[in-house]
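Trainee: I would like to learn how to read a structure of this kind, one feature at a time. Could you take me through it, with the general idea before each case?

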Amino acid sequence: MQQDLVFPEAVDLAPPVQKPALKAPWHLFLIGAAAVLWNGLGVFDFLATLTRFPPYIDSLPEGARALWASLPPFVFGIWALSVFSAVIGSALLLKRRLLALRFLALSTTATIFTMALTYSRPGIDFQSERVFAVCIIVVSLLILNYAFDQAKRGILR
């Protein structure tokens, strides 16, 4: 007479089940590379403004130079957090890491704070610069949304 297996013994005899690794879609690399380049420009803008890189600063209008010179240091700190976490998040997106989502969320939040602190100052009237600031926030939100969607699909691990 054959004896029935108890559950733990049956589990030990069963072959392990593995989830198949999801293949990264082609657009992950396209969007990830574009995000790294876009955010790399943000890092350049930050470093050129912070160090007052002459060829860069001289190309700005006088009002913009006065604005950057008058900003308190903590705004530059938030701006640094914004651009560097964006580059790290974009690189992690290319590497298909789930941690990219946190870095991109931190970057988006810091970007919104930086823009709000910069362009809400009294006496600042740079309408075209404000439009560009809104575009930066929109791109940041789109990249974050893309990373969230890839994480939800299981592409980021």
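Mentor: Let us begin with how the chain holds together across its sequence: among the contacts in the protein chain with a separation of 6 or more, residues 24 or more positions apart account for 73%. Please keep in mind throughout that this is a predicted model.

Trainee: What pattern does the protein chain follow when it is read along the sequence?

Mentor: One lists the elements in order, and here the pattern is α-α-α-α-α-α-α, with 7 helices and 0 strands in the protein chain. For the surface as a whole, the protein chain exposes about 10300 Å², of which carbon and sulfur atoms supply 70%, while 34% of its 157 residues count as buried.

Trainee: How should I read a single helix, and how many residues has helix α2?

Mentor: One can compare the span of a helix with the span expected from its residue count. Helix α2, residues 26-50, has 25 residues and reaches 37 Å from its first C-alpha to its last, which is close to the 36 Å expected at 1.5 Å a residue. Just after α2, Arg52 takes a positive phi of about 55°.

Trainee: Which residues of α2 are buried?

Mentor: The buried residues of α2 are Leu28, Gly32, Ala35, Asn39, Val43, Phe46, Ala48 and Thr49. Leu30, which also lies in helix α2, has 54% relative accessibility and therefore counts as exposed, since the cut-off for that class is over 50%. Together with Trp26 and Ile31, Leu30 forms a nonpolar patch on the surface, and the accessible area of the three together is about 350 Å².

Trainee: Why does Thr49 count as buried?

Mentor: The class follows from the relative accessible area, which for Thr49 is 0%, so this residue is buried. Once residues up to four places away in sequence are set aside, Thr49, itself in helix α2, touches Tyr56, Ile57, Trp68, Phe76 and Trp79.

Trainee: Where is Tyr56 found, and what does Tyr56 touch?

Mentor: Tyr56 is found in helix α3, residues 54-57, and because its relative accessible area is 22%, it is partly exposed. Not counting residues up to four places away in sequence, Tyr56 touches Phe44, Asp45, Ala48 and Thr49. A separation can be read in sequence and in space: Tyr56 and Phe44 are 12 residues apart in sequence, and their C-alpha atoms are 10.0 Å apart in space.

Trainee: How do I read a nonpolar core, and which residues have the most contacts inside the largest one?

Mentor: One looks for buried nonpolar residues joined through their side chains, and then asks which elements supply them. The largest nonpolar core has 17 residues, and those with the most contacts inside it are Phe46, Trp68, Leu71, Trp79 and Tyr119. The elements that give two or more residues to this core are α2, α4, α5 (73-94), α6 (99-119) and α7, and α5 gives the most, with 5 residues. A second, separate core has 15 residues, including Ala35, Leu101, Ile143 and Tyr146.

Trainee: With which residues is Trp79 in contact, leaving aside its neighbours within four places in sequence?

Mentor: Apart from those neighbours, Trp79 is in contact with Asp45, Phe46, Thr49, Trp68 and Thr114. The contact with Thr49 is one that also appears in the list for Thr49 itself.

Trainee: How many salt bridges does a search of the whole structure find?

Mentor: The search finds 2 salt bridges. In one, Glu62 pairs with Arg65, the closest N and O atoms being 3.6 Å apart; in the other, the side chains of Asp149 and Arg153 meet at 2.9 Å, N to O.

Trainee: Why are Glu62 and Arg65 separated by about one helical turn, and how does this reading apply to Asp149 and Arg153?

Mentor: One counts the residues between the partners along the helix. Glu62 and Arg65 are 3 residues apart in helix α4, residues 62-70, and so are separated by about one helical turn. Asp149 and Arg153 are 4 residues apart in helix α7, residues 127-153, so they too are separated by about one helical turn.

Trainee: Are the partners of these salt bridges exposed or partly exposed?

Mentor: Glu62 is exposed because its relative accessible area is 54%, whereas Arg65, at 28% relative accessibility, counts as partly exposed. In the other pair, Asp149 has a relative accessible area of 22% and so is partly exposed, while Arg153 counts as exposed at 55% relative accessibility.

Note on methods
Residues are numbered from 1 along each chain as its sequence is written. This is a predicted model: local features need pLDDT of at least 70, side-chain atom pairs count only at pLDDT 80 or more; totals for chains, interfaces and linings use all residues. Side-chain values use heavy atoms; hydrogens and water are left out. The expected span of a helix is 1.5 Å times one less than its number of residues. Buried means under 20% relative accessible area, exposed over 50%, partly exposed in between (1.4 Å probe, protein chains only). Patches are made of residues with over 30% relative accessible area and no salt bridge: like charges are joined within 9 Å, nonpolar side chains (Val, Leu, Ile, Met, Phe, Trp, Tyr) within 5 Å. Accessible areas come from the Shrake-Rupley method with a 1.4 Å probe; for residues, only the protein chains shown count as cover. A salt bridge is a side-chain nitrogen of Lys or Arg within 4 Å of a carboxyl oxygen of Asp or Glu. Contact means heavy atoms within 4.5 Å. A nonpolar core is a set of buried Ala, Val, Leu, Ile, Met, Phe, Trp, Tyr and Cys residues joined through side-chain atoms within 4.5 Å.
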